[in-house]
Amino acid sequence: MASVLVIDDERSIRETLALILDDAGYEVQLASSLSEARALIGGARPPEVVITDLVMPEASGLEVLDEVKACCAGAKVILITGHPSVDTAAEALRRGASDYLEKPVRAQVVLRAVASAAKISRLEQDNARYQERLEALVDERTSQLEASEARFRALVDGSPVGIFEHQRGKLSY
């Protein structure tokens, strides 16, 4: 299952989301602020999904979104807020948020949003790995073709008269 980081200044929200996600099998980490979350975001294994409150004392959820996007390109961020507005929802999505949810958040809504975000994250990671493998294969095959062409050119350039080909009983130059 995916790893999820929950950032919210309200302890009861953090713990409720942790219970919901833990019961669903997710690996959950909790932080009460962006400064507390930085160690987890920048760690050896950053979370695949981050759920953050939009309005917090130290930093807004949009600032969290920007920081997560800057350091963990593959991580998906879900914003939750008790004060939703079309403007903040549009801004969050424009900045790359995976979802924007209104408090109080129902368990099924959170689970659906996290599952979707985790799936997209995994697909993007798989796609990046496949692209790297394809690029390596193209580089390898290009080198083989260049080596083959060099051998052919050396054969042609080193031939004193030319190359003869024998097909169907005929000799051609």
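At 38% relative accessibility, E124 counts as partly exposed, and in this predicted model the side chain of E124 meets that of K76 in a salt bridge with a nitrogen-to-oxygen distance of 2.7 Å. The pair links distant parts of the chain, since K76 belongs to strand β4 (residues 76–81) and E124 to helix α5 (residues 107–158), with their positions 48 residues apart in the numbering. K76, in contrast to its partner, is buried, with a relative accessible area of 9%, a value that falls under the 20% limit for burial.

This contact belongs to a set of 12 salt bridges found in a search of the whole structure. Another of them joins the side chains of R38 and E67 at 2.5 Å, N to O, and it also connects distant parts of the chain, with R38 in helix α2 (residues 34–41) and E67 in helix α3 (residues 61–71), 29 residues apart. R38 is partly exposed, with a relative accessible area of 40%, and E67 is likewise partly exposed, at 26%. A further salt bridge lies within helix α5, where the side chains of D126 and R129 meet at 2.2 Å, N to O. Because D126 and R129 are 3 residues apart in α5, about one helical turn separates them. D126 has a relative accessible area of 26% and is therefore partly exposed, while R129, at 38%, counts as partly exposed as well. Salt bridges that share partners also join D8, E10, D53 and K103 into one network.

The strands considered next form an open sheet of 5 members in the order β2-β1-β3-β4-β5, with parallel pairing. The edges are occupied by β2 (27–31) and β5 (99–102), each of which has a single partner strand, so that one side of each is left without a neighbour in the sheet. On average, and with direction ignored, neighbouring strands of this sheet are turned by 20 degrees against each other.

Within the sheet, strand β1 (residues 3–7) pairs in the parallel sense with strand β3 (residues 49–53) over 4 bridges, and β1 is joined to β2, which also runs parallel to it, by 5 bridges. V6 illustrates both pairings, as its bridge partner in β3 is I51, whereas in β2 it stands opposite L30.

Strand β1 is mostly covered, with 5 of its 5 residues buried. S3, L5 and I7 point one way from the strand and V4 and V6 point the other way, and burial applies to the residues of both groups. S3, which lies in β1, has a relative accessibility of 3% and therefore counts as buried. When residues up to four places away in sequence are not counted, S3 touches E27, R45, P46, P47, E48 and V49; of these contacts, E27 falls within the residue range of β2 and V49 within that of β3.

Helices are packed on this sheet, among them α2 and α5. Helix α2 touches β1 and β2, and its direction makes about 145 degrees with that of β2. Helix α5 touches β1, β3, β4 and β5, and its direction makes about 160 degrees with that of β4. The salt bridge between K76 and E124 thus joins, through side chains, a strand and a helix that are also in contact in this packing.

Helix α5 is packed against another helix as well. Two packed helices are described by the angle between their axes and the distance between the axes. For helix α1 (residues 11–23) and α5, the angle is about 65 degrees and the axes are 10 Å apart, and α1 passes α5 in a right-handed crossing. In this contact, L17, I20 and L21 of α1 meet A107, V110, L111 and V114 of α5. By class, the contact of α1 with α5 comprises 7 nonpolar residues, with no polar and no charged residues.

Definitions and conventions:
Residues are numbered from 1 along each chain as its sequence is written. This is a predicted model: local features need pLDDT of at least 70, side-chain atom pairs count only at pLDDT 80 or more; totals for chains, interfaces and linings use all residues. Side-chain values use heavy atoms; hydrogens and water are left out. Helices (H or I, at least four residues) and strands (E, at least two) are DSSP runs, numbered from the N terminus. Buried means under 20% relative accessible area, exposed over 50%, partly exposed in between (1.4 Å probe, protein chains only). Contact means heavy atoms within 4.5 Å. A salt bridge is a side-chain nitrogen of Lys or Arg within 4 Å of a carboxyl oxygen of Asp or Glu. Axes are lines fitted to C-alpha atoms, for helices over the stretch in contact, and angles run from 0 to 180 degrees between N-to-C directions. A crossing is left-handed if the near helix is turned anticlockwise from the far one by less than a right angle, and right-handed if clockwise. Ala, Val, Leu, Ile, Met, Phe, Trp, Tyr, Cys and Pro count as nonpolar, Asp, Glu, Lys and Arg as charged, and the others, Gly among them, as polar. Two strands pair if DSSP finds at least two bridges between them.
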